[in-house]
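Before reading on, take a moment to look over the model shown here. How might one go from a set of coordinates to a reasoned description?

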Amino acid sequence: MMNTNEVAFLTNLLQTPKQISIIPHRNPDGDALGSSLALYHVLKKLNHTVKVISPNDFPDFIAWLPSANEVEIFERTPLPCETFLKESDVIFTLDFNALHRTGDVMGSFLSTLSNDFVLIDHHQMPDQYAKITVSDTSFGSTCELLYRFLQQLQLDQFIDKDSATCIYTGIVTDSGSFKFLKTTGDTHRVVANLIDLGVDNPYVHSKLFNTNSYNRLQLLGRALQKLKVLPQHQTAYTSLSQRDLYDFNYQKGDTEGIVNYGLSIKGINFAAIFIENRDEGIVKISFRSEGNFDVNEFARTYFNGGGHINAAGGKSFTSLNDTIAYFEKVLNDINKQ
Ligand SMILES: [Mn+2]
């Protein structure tokens with residue numbers, strides 16, 4: 001966590017009303033938007049002028065989060081966002097480890113700023129752009145880390161039902177509903193406190209997970225039919241072409257979570273999904289593993305990406321078929337068991 005100087009600096013800074021920006025990563029997920037909005041609620045209670053500035057729009061399954069409608073979208077209104085950021089006394093960046101994770105345009109802009117940054121994140125190897133770096137990969141979510149951060153500043157007393165709901169959402173989504181490796185007793189103790197603060201956990205789960213459209217389920221069906229199993233590598237993968245996406249009127253977020261179905265097959269500990277994106281001219285890839293196989297390293301080494309040990313992403317600049325052929329070749333080369 002923070003050292004005494006850092007705690008003193010922030011305590012002093014937050015003593016009087018300030019202008020504060022909070023930024024989640026591009027394509028914010030439950031943890032990025034949840035942690036950003038939780039901090040937003042707490043800082044608003046302390047009478048600061050606060051804006052959450054998301055690089056781009058967020059998906060529907062988290063659009064119900066308290067005050068999500070007050071989030072500014074940088075991509076939509078860059079100029080007022082830039083002005084607010086420039087004038088901010090401090091800029092919090094949540095759930096990412098490098099400014100380019102906000103996208104090329106926003107990332108370049110942020111790197112020209114001389115404001116004080118505070119980074120709060122649980123990804124590996126954070127860039128050194130922040131005055132205060134609160135980075136801990138032992139946490140399963142930035143939301144759980146944020147809770148500890150607020151405790152350290154003695155601001156946890158200002159967590160109310162709304163901010164608790166935001167924190168709870170990030171913990172649920174980043175822990176796969178409390179089942180991933182980094183879900184600890186401490187995670188559950190934090191969650192217990194959040195529920196005591198009034199979080200309606202059945203409501204949150206329903207909002208997060210019961211949001212399928214008919215088309216989305218049909219797209220999932222297509223992905224499941226195309227699932228290929230490589231028993232010798234304990235691996236399963238699937239793919240969706242641009243055509244598949246058109247067929248089911250693909251909406252942003254529709255492919256979320258599909259990769260996990262591969263892992264649910266008995267004996268499989270590594271799953272991947274390859275998704276063609278003709279607009280960007282790339283194939284987007286998600287990797288998931290169970291146990292020791294480090295997909296962060298795999299994605300970094302072979303697919304221009306990275307992430308966590310059990311969940312990572314990557315991309316390829318060749319065709320969908322060539323990407324998959326290369327994937328199978330890599331598996332054979334490294335002789336993954
Ligand atoms: Mn996260």
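The dialogue that follows takes up several features one after another.

Q: What kind of model is this?

A: This is a predicted model, and the values discussed below are computed from its atoms.

Q: How should I read the metal site, and which residues are the protein donors of the manganese ion?

A: A metal site is read by listing the protein atoms that reach the ion and then asking where they sit along the chain. Here the donors of the manganese ion are Asp31 (OD), Asp95 (OD), His122 (NE2) and Asp174 (OD), which lie 2.2 to 2.3 Å from the ion. Written as a sequence pattern, the spacing of these donor residues is D-x63-D-x26-H-x51-D. Aspartate 95 belongs to the loop between strand 4 (90–94) and helix 4 (104–111), while aspartate 174 belongs to helix 6 (residues 161–174), so this pair ties together parts that are 79 residues apart in sequence.

Q: Are aspartate 95 and aspartate 174 buried or exposed?

A: Both aspartate 95 and aspartate 174 are buried.

Q: What does serine 141 touch, leaving out residues up to four places away in sequence?

A: With those sequence neighbours left out, serine 141 touches Asp31, His122, Gly170, Ile171 and Asp174, and Asp31, His122 and Asp174 are among the donors of the manganese ion. Serine 141 is found in the loop between strand 6 (132–135) and helix 5 (142–152), and at 1% relative accessibility serine 141 counts as buried, the cut-off being under 20%.

Q: How do I judge the geometry and the surroundings of helix 2?

A: One compares the end-to-end reach of the helix with an expected span, and then looks at burial. Helix 2 (residues 30–45) has 16 residues and reaches 22 Å from its first C-alpha to its last, close to the 22 Å expected at 1.5 Å a residue. Of these 16 residues 14 are buried, so helix 2 is largely enclosed by the rest of the structure. After helix 2 comes asparagine 47, with a positive phi near 70 degrees.

Q: Which residues have the most contacts inside the largest nonpolar core?

A: A core is read through its membership and its best-connected residues. The largest nonpolar core has 53 residues, and those with the most contacts inside it are Ile22, Leu37, Leu43, Phe92, Ile120, Phe149 and Leu194. Helix 2 gives the most to this core, with seven residues. Apart from this core lies another, of 19 residues, among them Tyr237, Val295, Phe327 and Val330. As for isoleucine 22, its contacts beyond four places in sequence include Leu39, Leu43, Val52, Phe92 and Leu94.

Q: In what order do the six strands of the open sheet come?

A: For a sheet, one follows the order of the strands, the sense of each pairing and the edges. The six strands of this open sheet come in the order 7-8-9-10-12-11, with mixed pairing. Its edge strands are strand 7 and strand 11 (306–307), each of which pairs on one side only.

Q: How does strand 8 pair with strand 7 and with strand 9?

A: Strand 7 (residues 228–230) pairs with strand 8 in the antiparallel sense over three bridges, and valine 229 stands opposite alanine 236 in strand 8. The hairpin of strand 7 and strand 8 has four residues between the strands, and in this hairpin glutamine 234 takes a positive phi near 50 degrees. Strand 8 and strand 9 (residues 270–277) run parallel and are joined by six bridges, with tyrosine 237 opposite alanine 272 in strand 9.

Q: Which residues of strand 8 point one way and which the other way?

A: Thr235, Tyr237 and Ser239 point one way, whereas Ala236, Thr238 and Leu240 point the other way, and all are buried. Six of the six residues of strand 8 (residues 235–240) are buried, so strand 8 is largely enclosed by the rest of the structure.

Q: How many disulfides does a search of the whole structure find, and why is cysteine 81 not bonded to cysteine 166?

A: Such a search finds zero disulfides. The sulfur of cysteine 81 is 19 Å from the closest cysteine sulfur, that of cysteine 166, which is too far for a bond. Cysteine 166 is in no disulfide either, the nearest cysteine sulfur being that of cysteine 143, 7.7 Å away.

Notes: Residues are numbered from 1 along each chain as its sequence is written. This is a predicted model: local features need pLDDT of at least 70, side-chain atom pairs count only at pLDDT 80 or more; totals for chains, interfaces and linings use all residues. Side-chain values use heavy atoms; hydrogens and water are left out. Helices (H or I, at least four residues) and strands (E, at least two) are DSSP runs, numbered from the N terminus. The expected span of a helix is 1.5 Å times one less than its number of residues. Buried means under 20% relative accessible area, exposed over 50%, partly exposed in between (1.4 Å probe, protein chains only). A nonpolar core is a set of buried Ala, Val, Leu, Ile, Met, Phe, Trp, Tyr and Cys residues joined through side-chain atoms within 4.5 Å. Contact means heavy atoms within 4.5 Å. Two strands pair if DSSP finds at least two bridges between them. Donors are N, O and S atoms within 2.8 Å of the metal (3.2 Å for Na, K and Ca); water is not among the atoms, so sites may look incomplete. A disulfide is a pair of cysteine sulfur atoms within 2.5 Å.
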